[in-house]
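Visitor: Please take me through one helix pair in close detail. I would also like to see how the surrounding core is built.

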Amino acid sequence: MPPKTSADRLTRTAVAERALRIGDEEGLEAITIRRLAQDLGVTPMALYWHFKNKDELLLGLTDHVMSEVRADRTADDPWPAQLRAMVEALVRAMRQHPCMPDLLHAVDKKGVESFTRATNDALALLERAGFPLEEGYWVASYLLHAAIGLVAAQPGCPAMVPPDQVEEWLRKERLQLESLPAERYPQMVRLADSYRTLPDTERYFDFGIDLVIGAVEKMAATRPVAS
């Protein structure tokens, strides 16, 4: 049970962080004003100072998470480096908060200030790369969904498998692939060998981000660079 928080010390950030913890562990449907008040040791009325209802709360959670998605470099850095920093921050936020993709689908993102700021920053970088504004918006949307897909497709043992059962999970996955008809699925059978150990997750994410940023750079090379 988390420590109780007195109403006079309750901050918007504390409410958001506790709500995110519930969402990450149990899903967005588990987040309610009553549940939050119970966990924080306050009355529901104390939370209404920060969020009037669940819709406003979900907007606040999205804004809180997206506030870290920035091009954390100097303005003189090349646009690909700055854009990559934004995608890395987005992937990092999604890895830390599994409920984030659901949050982004549940809210009207136009009402999230930090999401609007991040989109505007990305559009400015893409304009520097030579993309017209509309194409830049397509690219920014592609990068958002690529980040969601990267995290959703993370290889390796599912989080719900206990640590003492990881070796058995790997063995079963390996045997399942090895049992395929080699004459029909030779590549899949060969893939079985990769299940002898857990994958290098950090290498996977670096590879995935290289892939999406490389695609944007390649296409940008065919566009006239903005002066």
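Guide: What follows is a close look at one helix pair, then the core, then a loop residue. Keep in mind that this is a predicted model.

Two packed helices are described by the angle between their axes and the distance between the axes. Take helix H7 (residues 113-128) and H8. Their axes come within 9 Å and cross at roughly 120°. Angles from 65 to 115 degrees would count as roughly perpendicular and those over 145 as roughly antiparallel, so H7 is oblique to H8. The crossing of H7 past H8 is right-handed.

Now the residues. H7 brings Phe-115, Thr-119, Ala-122, Leu-123 and Leu-126. They meet Leu-133, Gly-136, Tyr-137, Val-139, Ala-140 and Leu-144 in H8. By type, the contact of H7 with H8 has nine nonpolar residues, two polar and no charged.

Next, the core. The largest nonpolar core has 60 residues. Helix H8 (residues 133-152) gives the most to this core, with nine residues. Among the residues with the most contacts inside the core are Leu-36, Leu-47 and Leu-83. Leu-83 touches Ala-122, Leu-125 and Leu-126, and also Leu-143, Ile-213 and Val-216, leaving aside residues up to four places away in sequence.

Last, a loop residue. Pro-199 lies between helix H10 (186-191) and helix H11 (201-220). Pro-199 has a relative accessible area of 35%, so it is partly exposed. Beyond residues up to four places away in sequence, Pro-199 touches Pro-155 and Gly-156. Its C-alpha atom is separated by 27 Å from that of Gly-23, 176 residues apart along the chain.

Technical notes. Residues are numbered from 1 along each chain as its sequence is written. This is a predicted model: local features need pLDDT of at least 70, side-chain atom pairs count only at pLDDT 80 or more; totals for chains, interfaces and linings use all residues. Side-chain values use heavy atoms; hydrogens and water are left out. Helices (H or I, at least four residues) and strands (E, at least two) are DSSP runs, numbered from the N terminus. Buried means under 20% relative accessible area, exposed over 50%, partly exposed in between (1.4 Å probe, protein chains only). Contact means heavy atoms within 4.5 Å. A nonpolar core is a set of buried Ala, Val, Leu, Ile, Met, Phe, Trp, Tyr and Cys residues joined through side-chain atoms within 4.5 Å. Axes are lines fitted to C-alpha atoms, for helices over the stretch in contact, and angles run from 0 to 180 degrees between N-to-C directions. Angles under 35 degrees count as roughly parallel, over 145 as roughly antiparallel, 65 to 115 as roughly perpendicular and the rest as oblique. A crossing is left-handed if the near helix is turned anticlockwise from the far one by less than a right angle, and right-handed if clockwise. Ala, Val, Leu, Ile, Met, Phe, Trp, Tyr, Cys and Pro count as nonpolar, Asp, Glu, Lys and Arg as charged, and the others, Gly among them, as polar.
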